[in-house]
Amino acid sequence: MKIRTLILLTAIVCAISAKAISFDLDSIAAMGRFPRFCVDTYRWGDKFFNGYDTTYVDGTGYKFNLKLRTDSWTDYYNLHFDNGTEMSMISEPSTSVGFHLTYMALSVGYDMNVSKYFNGGEEARKSWNFGFNCMLFSAKFYFVSNDVGTHISTLHPYGGDTSHPDVLFKGVNNTNWGFDLLYFLSHKRYSHAAAFNFSRLQNKSGGSFFLGFSFNRIKYDFDFNQLPADILATLPTDIPDNHYIVNAHNYVFPIGYGYNWAFARHWLLGASVTVMPGWSNGYYKEADTEKTVFTTLAKNELSIVWNNRHWFAGLIGDVRLNMVRDDRRSMLSSVLNLEVSLGYRFNLW
């Protein structure tokens with residue numbers, strides 16, 4: 001009897017305490033001067049960073065969402081040599097699957113890399129990114145590496161015929177990381193987050209020009225000594241130690257346009273095109289030759305999103321292009337990414 005009474009009293013106290021705790025902003029502001037200052041600051045920040053024209057963009061109405069995400073990516077390289085040979089490489093897709101729980105702008109999740117179960121046990125390449133979006137701007141940090149290998153998909157030797165050898169080439173040790181910071185000019189009527197982050201609703205079609213600053217760090221090392229002898233014979237003989245090395249910092253200024261088309265009830269098609277002119281400083285060809293050259297990067301994004309009250313789903317694709325060029329050789333590299341997501345929005349309070 002005493003144990004039951006104690007349990008009952010504990011339950012009553014917990015219920016009263018839970019009821020006394022309120023997440024309503026007016027209730028928090030009424031607690032005193034400092035809580036009121038915090039609430040006023042929050043409301044100012046929310047209006048400043050998320051003061052959309054609600055005819056065009058609105059909130060989802062939910063603070064939480066749980067999302068199942070599948071993310072696949074691959075890297076591609078196209079090299080032109082001064083003797084006229086052209087060679088293309090593309091890697092096997094690397095895929096991860098995971099759950100993500102989000103509260104407002106905070107998110108936590110776990111992704112399991114499943115590629116090694118489909119690529120003959122081969123360890124998958126690494127890729128991750130972190131982003132933040134609001135009405136005014138978008139910020140994204142990314143990292144991609146490949147020290148596992150790729151495939152020679154196309155070979156066009158000078159004076160010869162084009163072939164598609166599909167040869168495994170493990171002589172790569174490449175990393176590519178950086179950040180993008182974009183400011184949206186028509187930010188009240190366009191939401192980049194609605195098309196690419198599922199955190200807003202674009203009720204009416206709208207678009208915006210944007211501009212910003214990006215930094216990109218690339219370190220590429222292609223060890224052609226690991227190529228088959230017949231392919232190696234098509235390359236120039238003056239490549240130092242048969243290593244093509246690029247080690248550079250890119251400073252670029254993105255200029256682009258994004259548009260969200262609300263083409264049907266619950267449906268949204270988003271597209272974004274970005275050109276990034278700037279300069280590159282680093283080492284090309286030989287590891288001891290440093291120079292500064294003009295460079296141009298580009299990024300294209302496309303999404304289709306479905307929203308229906310609590311539920312949402314989306315298909316998002318993007319490709320980032322990077323051109324490295326000197327007086328004797330040029331290389332076009334790109335990272336292609338595809339994300340498929342299914343999620344559920346909800347509130348706990």
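## Notebook: rings, strands and charges

I began with the rings and counted 25 aromatic pairs. One of them joins tryptophan 261 and phenylalanine 263: the ring centres are 5.2 Å apart and the planes meet at 50°, so I noted the pair as tilted. I should say here that I am working from a predicted model.

I then looked up how open these two residues are. Tryptophan 261 is partly exposed, at a relative accessible area of 45%. Phenylalanine 263 also counts as partly exposed, with 33% relative accessibility.

Which residues do ring pairs link into a cluster? I wrote down Phe141, Trp177, Phe179, Phe213, Phe215, Tyr251, Phe253 and Trp279.

**Strand pairing**

Next I followed the strands, starting at β16, which spans residues 290-308. β16 pairs with β17 in the antiparallel sense, and I noted twelve bridges. Isoleucine 304 has leucine 315 in β17 as its bridge partner. The two strands form a hairpin with two residues between them. In that turn I found arginine 309 with a positive phi of about 55°.

From β17 I moved on to β18. These two pair in the antiparallel sense as well, over 15 bridges. Here arginine 325 stands opposite serine 330 in β18.

What does β18 (residues 330-346) pair with besides β17? I found strand β2, residues 64-80, running antiparallel to β18 over 17 bridges. Phenylalanine 64 has phenylalanine 346 in β18 as its bridge partner.

**Salt bridges**

With the strands in place, I turned to the charges. How many salt bridges does the structure hold? I have four in my notes, and I looked up three pairs.

Aspartate 111 and arginine 69 meet through their side chains at 3.1 Å, N to O. Aspartate 111 sits in strand β5 (residues 106-113) and arginine 69 in strand β2, so this pair ties together parts that are 42 residues apart in sequence. Aspartate 111 is partly exposed, with a relative accessible area of 27%, whereas arginine 69 is buried at 18%.

Aspartate 180 and arginine 320 form a salt bridge at 2.3 Å, N to O. Aspartate 180 belongs to strand β10 (residues 174-184) and arginine 320 to strand β17, so the pair ties together parts that are 140 residues apart in sequence. Are these two residues buried or exposed? Both aspartate 180 and arginine 320 are buried.

Lysine 299 and glutamate 301 make a salt bridge at 3.8 Å, N to O. Lysine 299 is buried, with 8% relative accessible area, and glutamate 301 is buried, with 14%.

**Aspartate 318**

I kept a puzzle for the end: aspartate 318, which lies in strand β17, residues 311-325. Aspartate 318 is buried yet has no salt bridge. Why is there none? The nearest side chain of opposite charge, lysine 140, is 4.7 Å away, and a salt bridge needs a side-chain nitrogen of Lys or Arg within 4 Å of a carboxyl oxygen, so the pair falls outside the cut-off.

Leaving out residues up to four places away in sequence, I listed what aspartate 318 touches: Lys299, Asn300, Glu301, Val335, Leu336 and Asn337. Lys299 and Glu301 are familiar from the entry above, where their side chains meet in a salt bridge. Val335, Leu336 and Asn337 fall within the residue range of β18, a strand that pairs with β17.

Key:
Residues are numbered from 1 along each chain as its sequence is written. This is a predicted model: local features need pLDDT of at least 70, side-chain atom pairs count only at pLDDT 80 or more; totals for chains, interfaces and linings use all residues. Side-chain values use heavy atoms; hydrogens and water are left out. Helices (H or I, at least four residues) and strands (E, at least two) are DSSP runs, numbered from the N terminus. Buried means under 20% relative accessible area, exposed over 50%, partly exposed in between (1.4 Å probe, protein chains only). Lys and Arg count as positive and Asp and Glu as negative; His and the chain ends are not counted. Contact means heavy atoms within 4.5 Å. Two strands pair if DSSP finds at least two bridges between them. Rings of Phe, Tyr and Trp (its six-membered ring) pair if their centres lie within 6.5 Å; planes under 30 degrees apart count as stacked, over 60 as edge-to-face and the rest as tilted.
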